[in-house]
Every structure is written in structure tokens, then in C-alpha cells.
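Please look over the sequence and the fold shown here before reading on. The report then turns to strands, helices and one serine.

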Amino acid sequence: MNDEFKGKSGKVKVMYVRGEDDKSARAPNPRTGKGGHAAARSDDNRRSSGPRTERSQEGGRSAGRRSDDTGRSSSPRRDEGGRGAPRRSDDGAGRRNDRGDDNRGAYGSSDSPWRTVSRAPSADRPATESDKPDHGGISGKSFVDPEQIRRQRNEETRVYGENACQALFQSRPEAIVRAWFVQEVTPRFREALRWLAANRKAYHVVEDAEITKASGTEHHGGVCFLIKKRMGMAVSEWLSQANTKDCVLALEDVSNPHNLGAIMRSCAHFGVKGLLVNDASLLESGAAVRTAEGGAEHVQAISGATFSEGLEAFRKAGYTIVTTSSHQGTPLAQAQLPEKMVLVLGQEREGLSDTAFKQGDMSLSIGGTGNVESLNVSVATGVLLAEWWRQNA
């Protein structure tokens with residue numbers, strides 16, 4: 001057991017107690033003539049009632065009295081009543097040191113079983129791990145390494161939305177770390193609740209305000225999961241298991257979570273399973289997963305060393321790199337889309353970078369009235385994937 005406790009003064013206080021078999025602890029006190037184990041009393045010299053003192057004496061504890069050197073009590077009347085509250089002696093031995101700096105007992109006796117020592121870290125004794133506050137897990141005050149907390153936050157994310165959480169539970173329940181529900185949705189998550197309880201996963205049935213705080217949004221749909229993030233799959237691993245007909249979507253600098261969610265939903269609908277992205281964690285954001293309405297569970301993030309290197313690896317594996325443009329390229333209605341292709345799209349504002357556009361083997365455009373500059377990237381993705389599905393499904 002750790003024998004150190006740091007007080008408000010910053011000093012480390014150590015308290016020792018003698019064992020039951022210590023003869024000296026039971027030796028008579030030369031000042032009082034009574035047995036050891038004197039009961040310590042507080043400094044305010046409050047007097048206890050006679051019956052309580054008698055019960056204390058029956059339990060083997062003697063009340064402290066001031067006595068002279070001859071051992072006779074200076075207050076016979078108090079001795080008879082058993083209420084001998086200690087008085088301060090001339091040398092101050094009868095008063096307990098509040099700071100615990102004195103090694104004497106509660107009444108100045110060296111025979112007291114309690115001894116308090118104070119010491120602070122110094123050059124000879126630097127602070128150690130035992131000096132850190134450790135509350136044994138009570139009230140969540142145990143010492144936790146901040147680096148461990150940061151690492152866990154990087155590995156975890158929150159997803160919400162009823163359809164998204166239902167699909168996640170059906171696809172990868174082991175990824176769930178903790179869950180929050182409002183009462184209204186619990187009947188529809190009965191299976192999930194049983195699984196969480198059986199696998200000792202923490203879950204909470206809470207009010208709307210608390211789940212809003214847990215999820216960070218008012219659009220939580222009554223349920224929120226804290227989950228372990230999925231890592232992006234390497235291009236080489238994807239190629240080793242790819243089908244004969246395979247369409248992979250490559251998104252350059254597309255980071256809006258609502259666009260990503262809508263894109264994943266279209267991918268799931270048209271059978272496109274792989275997304276080459278700069279940052280795989282973007283596909284795991286709560287807003288993206290909720291917008292995907294369960295589609296996120298049917299899509300796998302793919303990562304290359306760089307975006308360009310990822311495209312080049314697919315080309316070497318026999319994929320056709322297809323880029324998109326608002327003003328040039330083959331009209332989609334006239335194009336013959338290959339069975340194995342990587343469809344490359346960029347952000348709405350800037351479009352594809354020159355480097356990515358030059359890597360394309362063919363370019364497509366979506367015809368329209370021309371009243372707007374271009375389609376939203378998620379809408380354009382849906383139109384293009386629908387045509388690939390029509391031709392190759």
C-alpha cells in the first residue's frame with residue numbers, strides 16, 4: 001500500500017501505525033499510568049459525556065488526563081467522571097500539531113501508536129510516480145496519461161443517425177466502444193442493446209439534451225455510437241482481391257462531410273465499393289456517416305502513398321483512369337465506359353488539379369442546359385455511376 005499522501009501544503013505526509021503484536025504499543029504510558037492505545041482527541045478540547053467515556057474505557061481506550069510527575073491526577077473530579085479532556089502542558093506537549101510535523105502522539109506521548117512525518121520532494125528526493133495523485137478509480141480521478149487520451153481520440157469517432165447506426169451494428173458491432181440512446185428508439189435497437197450488455201459494452205439511455213452533447217449535434221436521430229475508426233486499405237491489397245468488373249471512385253480534396261456522405265450512399269446503391277481518398281478518416285465522420293444512411297458500411301477507403309501514386313498503381317493493374325470536366329471531354333451519353341475503371345472527381349470550387357487531370361486516359365462531361373457552371377460533386381457522382389452500372393452491371 002502506498003504510504004504517502006500529499007496534503008494541501010504540498011508536503012508529503014506519511015502515517016505509521018504499530019502492529020497489534022508490538023509490545024511497546026501496549027506498554028503503560030509513564031505519564032498517565034494507563035495502558036497504551038490512547039484515543040486521540042481533537043484540538044478544540046471538546047468534552048464528551050460520561051457514558052461515552054465509560055464505553056471507550058471498556059473498549060480498551062483510556063481518556064487522556066493531565067497528570068503531574070508523580071502520576072496523580074490534578075483533577076480528581078474529572079478522573080472520577082471519566083471526562084479528562086487534555087490540557088496544554090507548559091512545554092506544549094499536550095496539544096496536537098495540526099500540520100503533523102511533530103513525531104509525538106496525540107497527547108505528547110512517545111508511546112502513541114500513531115506517528116506523522118512530513119517531507120517534501122527535494123534535490124535528494126525528487127518527485128516520483130508515487131507522488132502523483134491516485135484515487136484508485138474513485139469518481140474518475142485516477143491519473144491518466146494525457147498522451148493516451150490523445151491517442152484514443154485519434155483512434156475513435158462518433159457516428160449518429162438511426163439508419164447509420166443500425167447498419168454499423170449489423171456490419172461491425174465489435175467496433176462499438178460506447179453507445180447512447182433516447183428512450184424512444186430503444187425498441188428498434190433491442191437487438192443492439194442485448195448484444196452490448198452481453199459483451200460488456202457501456203450504453204446509456206439518456207435525455208435528448210445529453211445525447212446532443214455526446215454526439216455534438218442536434219441531428220443525432222436519437223442514437224449515437226462511439227466507435228473505433230477503420231483504417232484505409234492499401235492499393236496493393238485492394239488489387240489482390242478486386243473483381244473482373246470493378247469501378248473505384250477517386251476523390252481529390254473532397255472533404256465536405258455531407259458531400260462525402262451522399263457520395264457513399266450513391267456508391268452503395270450502384271455497387272461501387274472502393275474509394276481512393278487522401279484521408280481515410282474523412283469517411284468516418286459523424287455527419288458523413290449519417291448522410292450516407294447506412295451506405296458507409298458498404299464502402300472501403302483506399303489509401304496510397306500519395307493520390308497520384310495511387311492512380312498510377314491502378315493504371316499499372318489494368319484500370320482505365322477516367323477524369324471529368326464541365327467544358328471538355330466525351331459526352332457521357334456517347335461514352336463506352338470500361339469494366340475496370342477509376343473515376344476521378346475533384347472539389348466543386350477548383351475541380352481536378354492539373355496533375356490529376358493529366359493522368360486520365362479518357363475524360364467525360366455531363367451534358368445539360370448550361371444554366372449553371374456544374375453539378376454538385378455528389379450529384380455528378382450519382383449520374384456517372386448510374387451510367388457505369390447500366391453498361392456493366
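What follows describes the strand pairing, the helices beside the strands and the setting of one residue.

This is a predicted model, in which local features need pLDDT of at least 70 and side-chain atom pairs count only at pLDDT 80 or more, while totals for chains, interfaces and linings use all residues. Residues are numbered from 1 along each chain as its sequence is written, and side-chain values use heavy atoms, with hydrogens and water left out.

Helices (H or I, at least four residues) and strands (E, at least two) are DSSP runs, numbered from the N terminus, and two strands pair if DSSP finds at least two bridges between them. An open sheet is formed by 8 strands in the order β8-β11-β10-β9-β14-β12-β15-β13, with parallel pairing. Because β8 (233-234) and β13 (330-331) each have a single partner strand, they stand at the edges, and one side of each is left without a neighbour in the sheet.

Two strand pairs are set out below.

| Pair | Bridges | Direction | Bridge partners |
|---|---|---|---|
| β9 (residues 246-252) and β14 (residues 340-346) | 7 bridges | parallel | L251 and L345 |
| β4 (residues 156-160) and β7 (residues 223-228) | 5 bridges | antiparallel | Y160 and C224 |

Strand β4 is largely enclosed by the rest of the structure, because 4 of its 5 residues are buried (under 20% relative accessible area, with a 1.4 Å probe and protein chains only).

Helix α9 (residues 257-269) lies across β9 and β10 (274-277) and runs at about 175° to β9, an angle taken between N-to-C directions on a scale from 0 to 180 degrees, with axes fitted to C-alpha atoms, for helices over the stretch in contact. Helix α11 (residues 307-316), which runs at about 165° to β9, lies across β9, β10, β11 (300-303), β12 (320-324) and β14.

S365 belongs to strand β15 (residues 362-365) and counts as buried at 12% relative accessibility. Leaving aside residues up to four places away in sequence, S365 touches S325, Q328, G329, T330, P331 and L332, where contact means heavy atoms within 4.5 Å.

Notes. Buried means under 20% relative accessible area, exposed over 50%, partly exposed in between (1.4 Å probe, protein chains only).
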